[in-house]
Amino acid sequence: MNLPNKLTMFRIILIPFFIIILAAPIFSGSVVWAGTSISMTRLIATIIFVVASLTDFLDGQIARRNHLVTNFGKFADPLADKMLVMTAFLFLVGLGDVPAWVAAIIVCRELAVTGLRLIIVENEGQVIAAAWPGKIKTTTQMLAIILLFLNNVLFDAINIPMGLILLYTCLFFTIYSGIDYFVQNRSVFSDSF
């Protein structure tokens, strides 16, 4: 297993820790950051999420630079992203920070694209790598999640709800990239009708 694939596996391993921190908060108290109080639970969960998100950036960079792109990486990397992002959105809905309808659209898109990828693998024997709209979607999702978990503390002083702005930006790219995947791969369904 090469380094990019190890980073992807590390990201997957971090997800249960992220869940445990949020589901069974063992940390009490809060910290004041930029004049806003943040619970220790949210702060630690955000740190885990940031580390996991950085592995997403690193594994792709290392794989492309060193020609270490593998079918496992093309499959596992987006899967790890989806697992991490969907977990975070579910918790943000539970915390009241994200409307359920936004999370539902994101989850439905992720499941639909994953299903499409599986059909393509079965029919054509190849794994499709993430396209640029999907990469923008993932980046905006991860940034939105970080700001939402941190209660937008980085932008409170200038009174810009950047977490919500990024949330709706990622919703746009979620829908756009989902449509793009299906349009680009519509030939998969040509024999189905």
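This passage walks through the helices, the buried residues and the ring pairs of one protein model.

The model is a predicted one, in which local features need pLDDT of at least 70, side-chain atom pairs count only at pLDDT 80 or more, and totals for chains, interfaces and linings use all residues. Residues are numbered from 1 along each chain as its sequence is written, and side-chain values use heavy atoms, with hydrogens and water left out.

Start with the overall layout. The protein holds 6 helices and 2 strands, where helices (H or I, at least four residues) and strands (E, at least two) are DSSP runs numbered from the N terminus. Going along the sequence, the pattern reads α-β-β-α-α-α-α-α. Out of 193 residues, 44% count as buried; here buried means under 20% relative accessible area, exposed means over 50%, and partly exposed is in between, using a 1.4 Å probe and protein chains only. Contacts are also worth a look, a contact being heavy atoms within 4.5 Å. Among contacts with a separation of 6 or more, 76% come from residues 24 or more positions apart.

Next comes helix α1, which runs over residues 3-23. With 21 residues, α1 reaches 31 Å from its first C-alpha to its last, close to the 30 Å expected at 1.5 Å a residue. That expected span is 1.5 Å times one less than the number of residues in the helix. At the N-terminal end of α1, N2 acts as a cap, with a side-chain oxygen 3.0 Å from the backbone nitrogen of N5. This fits the idea of a polar contact, a pair of N or O atoms within 3.5 Å; within protein, one must be able to donate a hydrogen and the other to accept it, and residues adjacent in sequence count only if both atoms are side-chain atoms. The buried residues of α1 include P4, N5, L7, T8 and R11, and further along the helix L14, I15, F18, I21 and L22 are buried too. What covers them includes α2 (40-65), α3 (71-94) and α5 (132-149).

One residue of α3 shows such packing in detail. T87 sits in helix α3 and counts as buried at 12% relative accessibility. Leaving out residues up to four places away in sequence, T87 touches I15, F18 and I19.

Helix α5 deserves its own paragraph. Its 18 residues should span 26 Å at 1.5 Å a residue, and its end C-alpha atoms are indeed 26 Å apart. Since 13 of those 18 residues are buried, α5 is largely enclosed by the rest of the structure. T138 lies in α5 and is buried, with a relative accessible area of 9%. Apart from neighbours within four places in sequence, T138 is in contact with D56 and D81. I146, also found in α5, is buried at a relative accessible area of 16%. Setting aside neighbours within four places in sequence, I146 is in contact with T46, F49 and V50. The C-alpha atoms of I146 and G163 are separated by 7.9 Å, although the two are 17 residues apart along the chain. Just after α5, N151 takes a positive phi of about 55°.

Now for the rings. Rings of Phe, Tyr and Trp (its six-membered ring) pair if their centres lie within 6.5 Å; planes under 30 degrees apart count as stacked, over 60 as edge-to-face and the rest as tilted. By this rule there are 5 aromatic pairs. One of them joins F18 and F49, a tilted pair at 5.8 Å centre to centre with 45° between the planes. The pair links distant parts of the chain, with F18 in helix α1 and F49 in helix α2, 31 residues apart. Both F18 and F49 are buried. F172 and F173 make an edge-to-face pair, because their ring centres are 5.1 Å apart and their planes stand at 80°. F172 is partly exposed, with a relative accessible area of 49%. Ring pairs also tie F18, F49 and F149 into a cluster.

Finally, there is the database record. In an unreviewed entry, the UniProt annotation "transmembrane region" covers residues 12-34, 40-58, 79-95, 141-158 and 164-183; UniProt positions are given in the numbering used here, feature names are shortened, and annotations may be inferred rather than shown by experiment. In the model, residues 40-58 are 100% helix and 0% strand, with end C-alpha atoms 27 Å apart. Residues 164-183 are likewise 100% helix and 0% strand, and their end C-alpha atoms lie 29 Å apart.
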